[in-house]
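Let's take a walk through a protein model together. Have the viewer ready, and turn the model as you read.

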Amino acid sequence: MSIGPLDDETVEKYREAGTVLRTVLDETAEMVEPGVTHLEVAEHAEARIRELADGCAFPANISINEEASHASPSRNDETVFGEDMVCLDLGVHVDGYIADSAVTIDLSGNDELVESAEEALDAALDMVEAGAHTGKIGAEIEDVIRGYGYTPVLNLSGHGVERWDAHTDPTIPNRGADRGVELEVGDVVAIEPFATDGSGKVTEGSKNEIYSLVHDRSVRDRMSRKLLDEVREKYKLLPFAARWFEGGRSEMAIRRLEQQGVLRGYPVLKEEAGAMVGQAEDTVIVTEDGYENITR
């Protein structure tokens, strides 16, 4: 049966993306342990996604300690896991239809921080139905996290997912808000509480390994034109990693395209130094009688 404006074929593609994501997320999380490199984990996850589905909705995000999002290893990254808080965020697409989910693997001894994010996600999911107000869902997330003695990351939020676009409306805040919208049947949303023992606000760091196409136009430089053609063909509007392109000159081409406004970079988002961030995330479809969780 169709779900609101979503036809049967579309719903099945979302379900397939979610099933693959849960399989890959579970097996990849088991790899995260001291001494293993970030790059090894990211490449395993991305290879498995490409094996089982049409592709990655975005590069594997492996955020450590105060990092909250957009952290992905570089081409020759040799960084290994230590006694870290590790947020693993993966995305899968099937014909452009996206599932997005994240778990936190705690190697640092801060298990209550992880628990607060997971409990906040479950509490938010309990509220999901047609007519539920996004601001009230955010208030529930905030209440749970603060009840543990932590702070929600206030300038990050959950989001809608649509074909070829992993971040659309509606926004699902991680705090209470009077402004917002009511969920509707057929909405596909990723709810993702972030909990921290820091300030509750992330800022952009200097590291940037993820990009996406934002302004498609002709370019004169041959190397840049070749890379742009590959982006159009393989990734469309979906984010990609610089390390996915071979050849030393690809990084120069990416920088040129970013300077020209063709590509957008996604710097790592970080809490204050010394803080820890935990994350939990699922993607759901709002149905007439509640929701369907496609990533569990």
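Let's begin with a way of saying how open a residue is: buried means under 20% relative accessible area, exposed means over 50%, and partly exposed lies in between, using a 1.4 Å probe and protein chains only. At 26% relative accessibility, Asp95 therefore counts as partly exposed. Before going on, note that this is a predicted model, in which local features need pLDDT of at least 70, side-chain atom pairs count only at pLDDT 80 or more, and totals for chains, interfaces and linings use all residues. Residues are numbered from 1 along each chain as its sequence is written, and side-chain values use heavy atoms, with hydrogens and water left out.

Stay with Asp95 for a moment. Asp95 sits in the loop between β3 and β4 (97-106), where the names come from DSSP runs numbered from the N terminus: helices are H or I runs of at least four residues, strands E runs of at least two. The phi of Asp95 is positive, about 55°, although Asp95 is not a glycine. His70 is also not a glycine and has a positive phi, of about 70°; look for His70 in the loop between β2 (67-69) and β3 (85-94).

Now find helix α6, residues 249-259. Which of its residues are buried? They are Ser250, Ala253, Ile254 and Leu257. Seen down the axis of α6, these buried residues fall within an arc of 100°, so they line one face of the helix; the arc is that of the directions from the helix axis to the C-beta atoms. A general rule helps here: an α-helix has 3.6 residues a turn, so residues three or four places apart point the same way. The cover over the buried residues of α6 includes β11 (210-213), α5 (222-234), β12 (240-241) and β13 (263-265), where contact means heavy atoms within 4.5 Å. Just after α6, Gly261 takes a positive phi of about 80°.

Three of those covering elements belong together. An open sheet of three strands runs in the order β12-β11-β13, with antiparallel pairing; two strands pair if DSSP finds at least two bridges between them. β12 and β13 are the edge strands, each pairing on one side only. Between β11 and β12 there are two bridges, and Ile210 stands opposite Ala241 in β12.

Where is there empty space? On a 1 Å grid over the protein atoms alone, a pocket is an open set of points where a 1.4 Å probe fits, with protein on both sides within 12 Å along at least five of seven lines, and lining residues have an atom within 4 Å of a point. The largest pocket holds about 710 Å³, a volume being the space filled by probe spheres set on the points, which are joined across faces, edges and corners. Of its 33 lining residues, Ser69, His70, His167, Arg264 and Tyr266 lie nearest the centre, so you meet His70 again. β7 gives the most to this lining, with five residues.

Finally, look at β7 itself, where Pro170 lies. The peptide bond from Asp169 to Pro170 is cis, with omega near 5°.
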